[in-house]
Amino acid sequence: MASLPLGNNTNLDDTQFYNRIEEISFISDNLEVTKKGSTPTILLTGVRGVGKTALMKKLKKDFQDEYAVVYMDLAGMDKFKKDDKLTRFCFMKLFYESLIKACRQSNITTIDIQILKYFKTRNFKLDRWESVDKIPIPILKTEEDYAKFTTFVMDLPQQIYDDCKNHISGILIFIDEFQLLKQLDENVNEFLWYIRSVIQSQKYIGYIFSGSMSVKDDLIGDIAGQRGAFGGRILNYEIKTFSFETTKNYLAEKADYLKFTDDGFERFYKCTNGNPYYINNFARLLPPNEELNEEKIISEFEKTLPYLVVHLTNEWYKLTKQEQRIISSLVEKPLKRIEIANKMGVTSGAIGASLKSLQNKILIELDKDGFKIYDSIFKAWLKKEYREKGDYPY
Ligand SMILES: Nc1ncnc2c1ncn2[C@@H]1O[C@H](COP(=O)(O)OP(=O)(O)O)[C@@H](O)[C@H]1O
Ligand SMILES: [Mg+2]
C-alpha cells in the first residue's frame with residue numbers, strides 16, 4: 001500500500017519518481033550540447049527537500065548509457081579531513097574517487113592503468129596508496145605534490161574523455177550539496193575562480209552544481225552573479241516545489257487510499273508547502289481509507305510534527321546554546337541582527353559567528369526583513385514545543 005517513497009530516499013525508481021517533465025527536458029537539452037564539444041555549466045538551486053538530489057540521480061540514470069556520469073556529494077569531503085581541516089584537497093580526493101567510480105560504472109576498465117600512467121608522466125613523489133572503498137587514493141609526500149595533485153585531478157576528466165572518446169560521448173559531472181564549499185577552511189571565492197578557470201578550458205565535459213541554497217545566499221552571487229566566478233557562463237535554474245495541482249494529482253495517483261475532503265487537501269498542501277519531502281513523509285503517516293477533513297489534517301499534523309522534522313531536530317540538538325537561542329528569538333517574527341543581540345542581552349558582534357554558522361547550515365536566512373527561520377515546518381515544531389512545555393527544547 002504505502003508506495004510513496006520515504007523522504008530520505010533519493011534513488012527513486014520509475015514508479016516513484018513523479019513528474020518533473022519540464023525540468024528534465026530543460027536540463028537535458030542543456031546537457032546534450034556536451035557531446036558537441038561544449039562545456040555546459042548549470043547551477044541547480046531550490047529549497048531543501050524539493051527534489052534536487054532525486055532529480056540528479058534520475059538524470060544520471062538517463063544519461064549513463066551515453067556518458068560517463070559522475071555524481072559526487074560534497075558531504076563526502078568529511079572523510080578526507082586532515083587535522084579536522086576541510087581544505088580543497090578533501091574536495092580533490094572526493095572528486096578523484098567519484099571520477100573513478102563513474103568510470104567503473106561506465107565500464108572504462110582501463111582507468112586504473114591510465115591513472116598510473118598519468119601519475120608517472122607527472123612525476124609525483126608517491127608516499128603510498130591508500131584504499132578507500134576499493135579505490136586507490138594516492139598519499140603524496142610533499143605540499144608541492146598536493147598542488148600538483150590538484151591540477152592532475154582537475155584535468156583528469158578531460159584526460160579520461162580524450163582516452164575514451166570512442167566509448168562515450170562526454171563526461172557529466174554532478175556536484176551535490178555545493179553549498180558545503182562555504183565550510184572550506186580557505187578562501188572559497190578564490191577556489192571558485194580556480195574551478196572556473198579549469199572548466200573554461202575543457203571540452204566535452206558538462207557540469208551541474210547543486211545545493212540547498214536560499215535565493216538570498218551569497219554563494220549564488222559568488223558563483224552566478226555579475227561579478228561571480230561563473231558570471232554569465234552558468235545557467236541558474238531553480239527547482240520549484242510541487243504546485244497545488246501537481247500535489248493533488250500525485251497523491252490521487254500514488255496514494256488513492258487517502259480520502260481527502262476539499263478543505264482537508266487544502267490544509268494538507270498548506271502544511272507541506274508543496275515540498276515533496278514533507279508531502280511524502282506526511283502522507284505516509286496519514287490513516288488510509290478514512291475521511292481526511294481540515295480538522296483531521298490539523299490534528300494529524302500536530303501529532304506527526306516531531307517525525308516530519310527529525311532531520312532538523314537532529315541538527316538542533318547539535319547546535320550551541322547561543323545558536324539555539326538565536327533561532328528561538330526568530331520564532332515570532334524576523335529580526336535584524338541588532339534586535340537579536342538586544343533580545344539576548346549581548347553585543348551585535350558577539351553573535352556574528354553563530355549567525356554565519358546557522359546560515360551555512362541553512363537553518364536561518366537573511367532577507368530584507370532581517371534574519372528568519374528557513375523552514376516553516378521546523379518553526380511550527382518549535383512553537384509547539386514552546387506551547388506544550390513552556391520553553392524551547394534546549
Ligand atoms: N520527483 C519526485 N517524485 C516523488 N517524490 C520526490 C520527487 N523528488 C523528490 N521526492 C521526495 O522528496 C524527498 C527529498 O528529495 P531530495 O532529492 O533529497 O531533495 P533535495 O536534494 O532538494 O534536498 C525524496 O526523498 C523523495 O521522497
Ligand atoms: Mg539533496
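The second largest pocket of this predicted model holds about 310 Å³ of space. Its lining comprises 15 residues, of which Lys 182, Asp 217, Asp 218, Leu 219 and Lys 356 are the closest to the pocket centre. By class, the lining of this pocket divides into seven charged, five nonpolar and three polar residues. Three secondary-structure elements, helix 7 (218-224), helix 15 (352-360) and strand 10 (364-367), each contribute at least two residues to the lining. At the level of domains, at least three lining residues of the second largest pocket come from domain 1 (21-108 + 147-238), and at least three from domain 3 (311-389).

The surroundings of ligand 1 were examined in the same terms. The ligand is surrounded by 23 residues, and those that come nearest are Asn 9, Gly 49, Lys 52, Ala 54 and Asn 280. The shell consists of 11 nonpolar, nine polar and three charged residues. Domain 1 (21-108 + 147-238) and domain 2 (253-308) each provide at least three residues of the shell around ligand 1.

Polar contacts to oxygen atoms of ligand 1 involve both backbone and side-chain atoms. A polar side-chain atom of Thr 53 is placed 2.8 Å from a ligand oxygen. On the backbone, an N or O atom of Gly 51 lies 3.0 Å from an oxygen atom of the ligand, and a polar backbone atom of Val 50 is found at 3.4 Å from a ligand oxygen. Of the 560 Å² that ligand 1 exposes when taken alone, the protein buries 95%. Helix 2 (52-63) and helix 10 (276-285) are the elements that give two or more residues to the shell around the ligand.

Terms used
Residues numbered from 1 in each chain as written. Chains lettered and ligands numbered in written order. Predicted model: local features only at pLDDT ≥ 70, side-chain atom pairs only at ≥ 80, totals over all residues. Heavy atoms only, no water. Near = heavy atom within 4 Å. Polar contact = N/O pair within 3.5 Å; in protein donor to acceptor, adjacent residues only side chain to side chain. Areas by Shrake-Rupley, 256 points an atom, 1.4 Å probe, with all protein chains shown as cover. Helix = DSSP H or I, 4+ residues; strand = E, 2+ residues; numbered from the N terminus. Nonpolar A, V, L, I, M, F, W, Y, C, P; charged D, E, K, R; others polar. Domains from an automatic or database assignment. 1 Å grid on protein atoms, 1.4 Å probe; cavity = no way out; pocket = protein on both sides within 12 Å on 5 of 7 lines; lining within 4 Å. Points joined across faces, edges and corners; volume = space filled by probe spheres on them.
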